[in-house]
Amino acid sequence: MPANPYNTVPYPTYPAVQTHPDRLAAVGTLFGMTPAAVARCRVLELGCGNGNNLIPMAYALPQSRFLGVDLAEQPIAAGSTRIEELGLTNISLRASDLEEVGGDSGEFDYIIAHGLYSWIAPDVRERLLAVCRERLAPQGIAFVSYNALPGCHVRLMLREMMLYHTRQASTNAQQLEKALEFVQLLREQTLTPKPLRPMLDDELKAMLKRPPESFYHDDLEAVNEPVYFHEFAAHAARHGLQFLGEAELFEMFDHRHALDWLGDNVLEREQYLDFLKLRRFRQTLLCHQGVRLKRTPQESRMDEFFFSSPARQVDGRIEGAHHASISAVSAAVERTAGALRDAFPLPLPFEELLPYAGNAESLREILFGMVTGGFADLHVYAFPCQETVTARPAASALARLEASESLTVTSLCHRVVKLDEIGRRLLLLLDGSRDHATISAELAAIPGAPRGSEIREYLPQSLEWMARMALLEG
């Protein structure tokens, strides 16, 4: 049997906020479900790799239970070592195939299969959805992402070219090297007709931006089968599962009313949205067919949720999440966006935003527009963390462990935070044993660090930034 390529070329795994139980529960709640409470839930991740997505969830949700499954032994071993280093007892990683995820695994409120469906053989794909049906709680939600057509046709075309170019490669490393060489050839020596070049060039640039390991597994694996949404929905239905929504909620809304002629046919609407957008990747949520859903979300439901947005001023507009922007806005919208900006990445509850909009009716309308337009994200969980700087500040043990290896760390609200070298060194000192003076002195003693007076001046705002990024804990 050939070696597992995920052992020889480790796939880079990162925290994905759209897979968090909070996101899944928020979409489910909006459409009439009663999902399990985020703080006490059961989560299964299929194809978890080294657990870099699942472990931060387990760290931040100690009353919840987590299981990760992956066929590649080496990433599982690396993730298990990380779990031991953090002393976590609510998570385990298992090297096994999907056939072994049986009744002894238990029932789960949330199942995650990110970057798996399109990259596995048809029989394994059947088992993936069977596991979702068998192991999902009655009000459970499954996240399944996959390459989608028609948008993936250009990428599929390039994949076929690269497979031809690398057909004589004898090792994974050689195949990767030759594929990247071919992508550069296409970019620099293309004879493509001018009308087609922008689409081709965008795809090639996107390929080259990704880490080589990601590029290898995403585009050169033996299996990579994009599907149309209607095919995926029909496949899920054969396994007793129904379409709930998209993890990126705003993708479901047709603000131009271009598809009103489809009426209430949700599945047809989703397929035609893919046609209009040339969508190339989907992050679809499923639930059991027997669950009765409320397909038309109401503004009146906004009172039940929390909201977040990185709202910022850009060229006279306010840009929020997902590059969505608002222009020519009212004072109430500006104030609401400003409140979300000041709290981000932490979400704010409806009642805390009321003073900025003036009254509940206006706020419901504002927030509903922000959520359906992609400007703001919807939440059901508050993500408790240390929002103020204490006398002896403590960063999470997870963030400190990650900072010992990298400039990127995971916040307590499951977002990736990028640090500079001084920020990384500062974070490593925040174990709760040092006061501000000691932190300043030890930071100043690091070779190449700024002067002690400069560190003392800027330390308070650096610590406040870390608190705002949800890196500190009580």
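**Exercise 1. Which residues of helix α14 are buried in this predicted model, and what do they pack against?**

Solution. Start with the helix itself.

- Step 1: L363, I366, L367, F368, M370, V371 and T372 are the buried ones in α14.
- Step 2: Look at what sits against them. These buried residues pack against strands β9, β12 (325–326) and β14, and against helices α12 (331–343) and α13 (350–357).
- Step 3: Recall that an α-helix has 3.6 residues a turn, so residues three or four places apart point the same way.

**Exercise 2. Describe the span of α14 and what lies at either end.**

Solution. Walk along from the front.

- Step 1: At the N-terminal end, N359 is the cap, with a side-chain oxygen 3.2 Å from the backbone nitrogen of E361.
- Step 2: The helix covers residues 360–372, 13 residues in total. From first C-alpha to last, α14 reaches 18 Å, close to the 18 Å expected at 1.5 Å a residue.
- Step 3: After the helix comes G374, with a positive phi near 90°.

**Exercise 3. Work out the strand order of the open three-stranded sheet and find its edges.**

Solution. Two of the strands that α14 packs against, β9 and β14, turn up again here.

- Step 1: The order reads β13-β9-β14, and the pairing is antiparallel.
- Step 2: β13 (348–349) and β14 (377–379) are the edge strands, as each pairs on one side only.
- Step 3: Zoom in on β9 (residues 306–308), which is joined to β14 by three bridges in the antiparallel sense. Across from F307 you'll find L378 of β14.

**Exercise 4. Which residues have the most contacts inside the largest nonpolar core?**

Solution. Some names will be familiar.

- Step 1: The core has 99 residues, and the best-connected are L44, L46, I91, L244, L249, F307 and M370. M370 is also one of the buried residues of α14.
- Step 2: Take L46 as a case. Skipping neighbours within four places in sequence, its contacts include V69, L98, V101, I111, I112 and H114.
- Step 3: There's also a second, separate core of 22 residues, with V409, V417, L430 and L463 among them.

**Exercise 5. How many disulfides are there, and why are C41 and C413 not in one?**

Solution. Count, then check distances.

- Step 1: Searching the whole structure turns up zero disulfides.
- Step 2: C41 can't manage it because the closest cysteine sulfur, in C132, is 16 Å away, too far for a bond.
- Step 3: C413 misses out because the closest cysteine sulfur, in C385, lies 6.7 Å off, again too far for a bond.
- Step 4: Check burial too: C41 is buried at 2% relative accessible area, and C413 is buried at 2% as well.

Terms used:
Residues are numbered from 1 along each chain as its sequence is written. This is a predicted model: local features need pLDDT of at least 70, side-chain atom pairs count only at pLDDT 80 or more; totals for chains, interfaces and linings use all residues. Side-chain values use heavy atoms; hydrogens and water are left out. A nonpolar core is a set of buried Ala, Val, Leu, Ile, Met, Phe, Trp, Tyr and Cys residues joined through side-chain atoms within 4.5 Å. Buried means under 20% relative accessible area, exposed over 50%, partly exposed in between (1.4 Å probe, protein chains only). Contact means heavy atoms within 4.5 Å. Two strands pair if DSSP finds at least two bridges between them. Helices (H or I, at least four residues) and strands (E, at least two) are DSSP runs, numbered from the N terminus. The expected span of a helix is 1.5 Å times one less than its number of residues. A polar contact is a pair of N or O atoms within 3.5 Å; within protein, one must be able to donate a hydrogen and the other to accept it, and residues adjacent in sequence count only if both atoms are side-chain atoms. A disulfide is a pair of cysteine sulfur atoms within 2.5 Å.
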